[in-house]
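Me: I would like to go through this structure in short questions. Please reason briefly each time and finish on what I asked for.
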Amino acid sequence: MKIGTMFKDVFASLFKKNSTQLYPFEQTPTPERFRGNLHYNPSVCTGCCLCVKDCPAKAIELVTLDRAAKRFVLKYHMDRCVYCGQCVVNCRFKCMGMSNTDWEHASLNKKEFTVYYGKEEDIETLLANLTAPDPKPTQE
Amino acid sequence: MNTLTSLFTMLFFPAGISLILVGMFYEWIDRKLVARFQNRIGPRWFQPLADAVKLFAKEQIKPGIVNPFLFFGLPVTALAGALTAALYVPIMGLNPASSFDGDLIVTIYLLSLPTMCVGLAGWNTSGRFSLIGATRSLTQLFAYEAPFLLAMLGPALAAGSWQISTITEYTEGHWLILTQPIGFLVALIGLMGKLELPPFDAPEAETEIVAGALTEYSGRGLAMFKIGKYVELIIGLSLISAFYLDGVNGILEFLLKTLALLFIMSMLQVTLTRLRIDQTVGLWWRFGAILVLIQLLVMILLKGWAA
Amino acid sequence: MSIEERLSQAEKLLAPWNKETLHPESNRVDVVISGEDLRLAVAALQDAHWGYLSAITGMDLGVESGQLEALYHFCNGPAVTSLRVRLPRSNDISIASISDLIPPAALFERELHEMLGITITGAALSDRLFLPDDWPDDVYPMRANFTTDQAAPVQGRHADEAPEQGVVGGNTFVIPIGPQHPALKEPGHFEFTVDGEIVTAARMRLGYAHRGIEKAAESRNWYQNLYLFERVCGICSHTHSMAYCLGVEKLAQVEAPPRAQAIRELVAGLERVHSHLLWLGVAAHEAGFDTLFMYSWRDRETVMNLLEQVTGNRVNYSANLLGGVKCDITLEQAHAIKEGLNYLETRIRHYLEVVTTDAMFLSRTRNIGTITKEEAERFGLLGPTARASGLVRDVRVEAVYGSYKNFPVSAVTETNGDLEARCVVRLKELLVSCFAMRTILDNLPEGPLTARMPRKIPAGEAVARIEAPRGELFYFVKSNGGETPARVHVRTPSLCNWVSVLEKAVGRQLADVPMLLAGMDPCFSCNDRLVTVANNDQHETWSWSRLREYGIEYYKNR
């Protein structure tokens with residue numbers, strides 16, 4: 001029976017560096033397999049939607065602008081995603097990957113949490129369709 | 001002139017505001033040391049001050065069923081007791097501001113006043129956790145008070161007086177830590193009990209009774225109780241260093257000695273587990289009291305022999 | 001005794017009341033009995049000491065079939081016998097309680113009652129355990145015809161059974177611990193009646209983090225459910241996901257390849273290290289020994305970084321896939337894991353020494369909360385809490401699954417049954433796990449990582465039992481041949497261990513109560529509730545919505 005069994009640890013730690021990491025000033029690099037934000041490569045996608053089917057959080061929506069011409073836009077809800085990686089596993093053409101550098105989400109604006117992936121012109125077309133008001137009947 | 005200097009002493013230096021600020025500094029050192037011992041960073045230098053300022057700015061919520069006179073008056077009394085004790089104790093390495101025969105007993109009583117106010121405050125708010133915390137606080141008071149008083153009595157016997165300034169005159173040149181080591185140990189650990197530092201923090205064991213007697217306090221009241229604690233810390237440390245570590249010799253020595261004592265106290269805080277209240281009382285009444293009585297007996301015999 | 005012998009012994013014991021026998025899997029036998037014979041059948045199994053009650057599953061067999069079913073699962077080594085009782089679907093069905101024969105059944109039966117509406121006759125307690133107090137009567141969530149708009153809270157509802165409140169002047173006193181309390185890491189509500197510092201009675205309410213996962217599982221497909229069940233718990237998430245995968249793989253009659261099974265065991269071992277170090281810190285914090293708390297959690301960072309390297313996340317690793325695992329172990333990672341394990345083993349040995357020799361920590365843990373072997377068996381304890389009393393209940397040893405046949409672990413037991421023994425058992429288990437992990441890393445079998453799984457799982461019922469860090473985890477998976485499960489029932493180990501805390505708290509000091517709570521390593525699942533004392537005489541129980549309204553009114557009127 002002793003008293004103060006942790007004395008050695010305690011005294012030695014006066015001379016050691018503390019183990020607190022002063023984030024965000026000090027950041028350890030994340031390992032390669034870290035599952036951060038989803039990244040999507042539209043050029044390889046065939047629109048099979050297996051990723052959408054198995055997402056546990058309904059965080060992915062695939063909008064087909066033109067199936068034959070392979071124009072797809074992936075709408076990714078960063079705030080709903082649980083970062084499980086099932087979509088990456090399901091994709092047979094390797095168009096999805098989880099980044100290990102892009103994972104800091106704090107934001108003051110909710111709009112940043114909905115990300116559109118795709119070719120530039122496809123995204124613009126999609127957004128234009130979404131925000132355009134219903135066309136008024138033209139006056140004859 | 002005398003009243004003006006007394007007022008200045010009481011309000012600004014060395015008691016009063018400067019005492020509060022130095023108390024906060026010591027509290028910061030304690031927290032920083034504990035953090036470093038636990039391999040963490042710890043707070044920045046102004047943390048206790050910032051805490052006090054924040055608490056003063058917050059709303060004070062009074063539970064519906066308490067006696068308002070007691071609820072608002074007890075924190076003030078606690079702080080007042082601690083600050084008044086500073087008048088008779090050689091703080092900051094200067095001689096006590098005023099003294100009279102028997103002021104050792106008065107000081108020790110004044111130092112128990114914060115604990116009794118906490119106990120009364122807990123009973124008054126009568127929440128479940130406060131009641132248990134108050135009971136434990138007062139039980140602990142009965143446990144360590146007697147050995148602590150006896151440990152303070154050691155130097156008083158050696159000096160042959162109950163007056164603090166006479167005792168400190170005697171201890172200058174006599175390192176009583178060497179001749180009365182047990183008394184020193186009991187005094188130091190008794191101070192930890194008085195301040196409710198681990199391992200004697202059963203009265204405010206946060207994992208059992210949330211915050212003990214002060215659970216219902218917030219805002220100004222809580223700030224005043226806390227500041228009273230900080231002031232008690234520094235008064236206790238200066239009393240022990242004046243009695244056992246070569247009296248009063250100026251600010252630099254005061255700082256060095258009290259910081260050394262604080263280092264030892266932080267080390268003890270970190271390496272020991274919290275004791276249950278029955279274990280605390282058992283420990284004090286079995287070991288603490290007996291040890292210090294043996295010490296006193298030895299001293300009395302030696303003094304009688306020498307005379 | 002082999003599995004067949006055990007099963008035939010059970011069948012013989014149950015022969016007088018047996019209406020029908022089914023053999024859904026090679027290690028299981030299902031015996032259909034009627035509700036009246038339930039107590040006799042259970043008594044027969046108890047008298048012959050055939051296994052222990054592991055879980056009680058309630059199922060709704062569908063609106064067309066018009067029946068509900070309750071399954072009582074008894075486990076003896078690897079063999080599982082389920083007593084099936086079929087009841088008609090109505091609002092006033094009842095079944096006799098078996099909680100006097102088997103104390104832990106009380107909690108399982110309340111789940112049956114609250115979720116399916118089967119009244120339990122002869123039970124001692126009748127107030128709500130999982131559902132909130134303002135849940136409407138006669139609405140049972142697990143029934144097939146339940147819709148969420150039926151669950152609107154009832155205004156002005158009070159608690160069913162009020163605890164006796166002590167007046168301030170008297171000696172007895174009720175101390176509420178929870179739902180919010182620094183002693184609890186997750187919300188739960190306990191009421192301890194104290195006399196001075198000694199506890200004289202204990203009462204408990206759970207349900208504060210109840211998320212309705214079992215019901216949610218019925219509307220998601222098999223792959224989505226994998227991630228849903230992983231999130232039942234943060235500290236034992238891999239074991240939940242492993243149990244689910246094992247259950248579904250049994251239904252599809254697919255076995256994961258050996259490399260995948262070994263990797264599953266490796267990740268489970270790392271998770272066990274993480275969980276027990278977390279527990280050590282929490283127990284030390286409850287005792288007031290903050291230094292041990294800080295140091296053990298600092299060392300936990302090592303294992304979490306290893307898990308991040310291997311699987312990609314520190315918590316909720318998502319390492320499993322139906323049919324295998326997602327992530328492979330490269331040589332570098334194997335090397336990093338071995339180095340990490342070296343460091344961790346040194347630290348664990350140091351903590352073992354601290355826990356067994358530090359005089360003041362021992363004064364808080366030695367001979368406190370002692371549970372003897374007989375009591376442990378009667379209470380139906382599981383996991384390290386049972387093993388500390390000398391009762392060997394370890395699924396990895398009794399009912400070997402996965403790659404534990406190739407890389408076995410031994411069960412660590414102690415005989416004292418007090419809090420110190422529980423600390424020692426958990427730490428020694430970690431050393432055993434570290435040894436097993438090294439063996440796996442040195443002998444990782446080659447091969448594919450996943451086996452092919454069909455999208456529609458064939459119809460059937462499977463039982464998967466896994467040893468989570470807290471005890472035996474029991475999963476009952478039923479499929480109707482579609483893409484979504486028909487029923488998944490999860491029985492977490494902490495549910496069985498609660499009874500021991502309540503019984504042992506009586507007679508001890510109040511200061512020991514948080515240690516007792518921490519000693520069984522609770523992993524709660526709960527709902528929201530609050531007790532207020534308006535003044536010394538009255539009391540009320542408020543729901544969250546009522547508290548919120550009160551707060552809004554109070555500040556409006558200031």
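Me: In β14(C), which residue is the bridge partner of E467(C)?
Reply: This is a predicted model, where local features need pLDDT of at least 70, side-chain atom pairs count only at pLDDT 80 or more, and totals for chains, interfaces and linings use all residues. Residues are numbered from 1 along each chain as its sequence is written, while chains are lettered from A and ligands numbered from 1 in the order in which they are written. Strands are DSSP runs (E, at least two residues), as are helices (H or I, at least four), numbered from the N terminus. β13(C) pairs with strand β14 (residues 471-479) of chain C in the antiparallel sense over nine bridges, and the partner of E467(C) in β14(C) is E472(C).

Me: Which strands of the sheet β13-β14-β15 (chain C) stand at the edges?
Reply: Two strands pair if DSSP finds at least two bridges between them. The sheet is open, with three strands and antiparallel pairing. One side of each edge strand lacks a neighbour in the sheet because each has a single partner strand; these are β13 (460-468) and β15 (487-491) of chain C.

Me: What angle does the direction of helix α15 (residues 493-505) of chain C make with that of β14(C)?
Reply: Axes are lines fitted to C-alpha atoms, for helices over the stretch in contact, and angles run from 0 to 180 degrees between N-to-C directions. Contact requires C-beta atoms, placed from the backbone, within 7 Å. Helix α6 (residues 237-252) of chain C packs on the sheet, touching β13 and β14 of chain C, at about 150° to β13(C). Helix α15(C) also packs there and touches β13, β14 and β15 of chain C; its angle with β14(C) is about 135°.

Me: How many residues of strand β4 (residues 67-76) of chain C are buried?
Reply: A residue is buried with 20 or more other C-beta atoms within 10 Å of its own, exposed with 12 or fewer, and partly exposed in between; C-beta atoms are placed from the backbone. β4(C) pairs antiparallel with β3 (residues 52-60) of chain C over eight bridges, and with β5 (residues 79-88) of chain C over ten. β4(C) is mostly covered, and of its ten residues the buried ones number eight.

Me: Which residue in the turn between β4(C) and β5(C) has a positive phi?
Reply: The hairpin of β3(C) and β4(C) has six residues between its strands, and G62(C) in that turn has a positive phi of about 115°. β4(C) and β5(C) form a hairpin with two residues between them. There, the phi is about 60°, and the residue is G77(C).

Me: Is L239(B) buried or exposed?
Reply: L239(B) sits in helix α11 (residues 220-244) of chain B. Y88(B) is 151 residues away in sequence, yet their C-alpha atoms are 9.9 Å apart. Because 26 other C-beta atoms lie within 10 Å, L239(B) is buried.

Me: How many nonpolar residues are on the side of chain B that touches chain C?
Reply: The contact takes 27 residues from chain B and 27 residues from chain C. Ala, Val, Leu, Ile, Met, Phe, Trp, Tyr, Cys and Pro count as nonpolar, Asp, Glu, Lys and Arg as charged, and the others, Gly among them, as polar. On the side of chain B, seven are polar and eight charged; the nonpolar residues number twelve.

Me: In chain A, where is confidence lowest?
Reply: pLDDT is the predictor's confidence in each residue, from 0 to 100. Chain A has a mean of 84, with 93% of its residues at 70 or more. Confidence is highest in helix α3 (residues 86-90) of chain A, at 92, and lowest, at a mean of 76, in helix α4 (residues 120-131) of chain A.

Note on methods: Contact = placed C-beta atoms within 7 Å.
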